[in-house]
Amino acid sequence: LPEGVPAKTHLVNLAYTRSMSKSGFAITAAGNINKTNVGAFNTLFIGPTLNLQKKVLAKKGNLSLGSTYNRQFTAGLLNSNILNHRLAFTFTPKKDNEKIGQASFSANANLMQRFAIEATQTNVTELNVFVNFGYSF
């Protein structure tokens, strides 16, 4: 940021989740707005989100799938359309002996697609995959 130029960021997220405890299923619909002003420069991200979540493996695991679509505007002009897909699995087995700690496992995949606005631009696709194993004492 240029020195002495104030930055203002405004974030608005609105979500509704419907959870069905017996089946362990949940669905979330959400919308977001992120507006940033730095001097005369301004950006705006706006878009919807849909997430599905299901408890699995006798409620010791959790499977989640979601997508978010954002439109990005810079100085009032459409700069990009971004589609983001997420898939996550977490598993925390029941402790046999509480004195020896707790293991956990998670695997996450994130696919981001940025679509070209003009014919001279190219689409960008990026995939990130993370696998984690944890143990707490």
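# Exercises on a seven-strand model

Ala75 is exposed, with a relative accessible area of 54%; buried means under 20%, exposed over 50% and partly exposed in between, with a 1.4 Å probe and protein chains only. The model is predicted: local features need pLDDT of at least 70, side-chain atom pairs count only at pLDDT 80 or more, and totals for chains, interfaces and linings use all residues. Residues are numbered from 1 along each chain as its sequence is written, and side-chain values use heavy atoms, with hydrogens and water left out.

## Exercise 1. Loops and phi

Task: State where Ala75 and Leu57 lie, and give the phi of each.

Solution:
1. Ala75 belongs to the loop between β4 and β5. Strands (E, at least two residues) and helices (H or I, at least four) are DSSP runs, numbered from the N terminus.
2. The phi of Ala75 is near 55°, a positive value in a residue other than glycine.
3. Leu57 sits in the loop between β3 and β4 (61–74).
4. Leu57, also not a glycine, has a positive phi of about 55°.

## Exercise 2. Overall form

Task: Describe the secondary structure of the protein and its spread in space.

Solution:
1. The protein has zero helices and seven strands, in the order β-β-β-β-β-β-β along the sequence.
2. The radius of gyration, taken over C-alpha atoms, is 20 Å, well over the 14 Å that the globule rule gives for 137 residues, so the protein is more spread out than a compact globule. That rule is 2.2 Å times the number of residues to the power 0.38.
3. Along the principal axes, the C-alpha atoms fill a box of roughly 60 × 35 × 30 Å.
4. Of the 137 residues, 17% count as buried.

## Exercise 3. The aromatic pair

Task: Find how many aromatic pairs the whole structure has, and classify what is found.

Solution:
1. The search finds one aromatic pair. Rings of Phe, Tyr and Trp (its six-membered ring) pair if their centres lie within 6.5 Å; planes under 30 degrees apart count as stacked, over 60 as edge-to-face and the rest as tilted.
2. The ring centres of Phe89 and Phe105 are 6.4 Å apart and the planes stand at 55°, so the pair is tilted.
3. Phe89 is in strand β5 (residues 77–91) and Phe105 in strand β6 (residues 102–115), so the pair ties together parts 16 residues apart in sequence.
4. Phe89 is partly exposed at 23% relative accessible area, and Phe105 is partly exposed at 32%.

## Exercise 4. Two strand residues

Task: List the contacts of Thr49 and Gln113 outside their neighbours within four places in sequence.

Solution:
1. Thr49 is in strand β3 (residues 41–56) and counts as buried, at 16% relative accessibility.
2. Contact means heavy atoms within 4.5 Å. Beyond its sequence neighbours within four places, Thr49 is in contact with Thr28, Ala29, Ala30, Asn32, Ser67, Thr68 and Arg86.
3. Tyr135 is 86 residues from Thr49 along the chain, and their C-alpha atoms are separated by 32 Å.
4. Gln113 lies in strand β6. With neighbours within four places set aside, Gln113 is in contact with Asn81, Ile82, Leu83, His85, Val124 and Thr125.
5. Gln113 and Ile82 are 31 residues apart in sequence, with a C-alpha to C-alpha distance of 5.6 Å.
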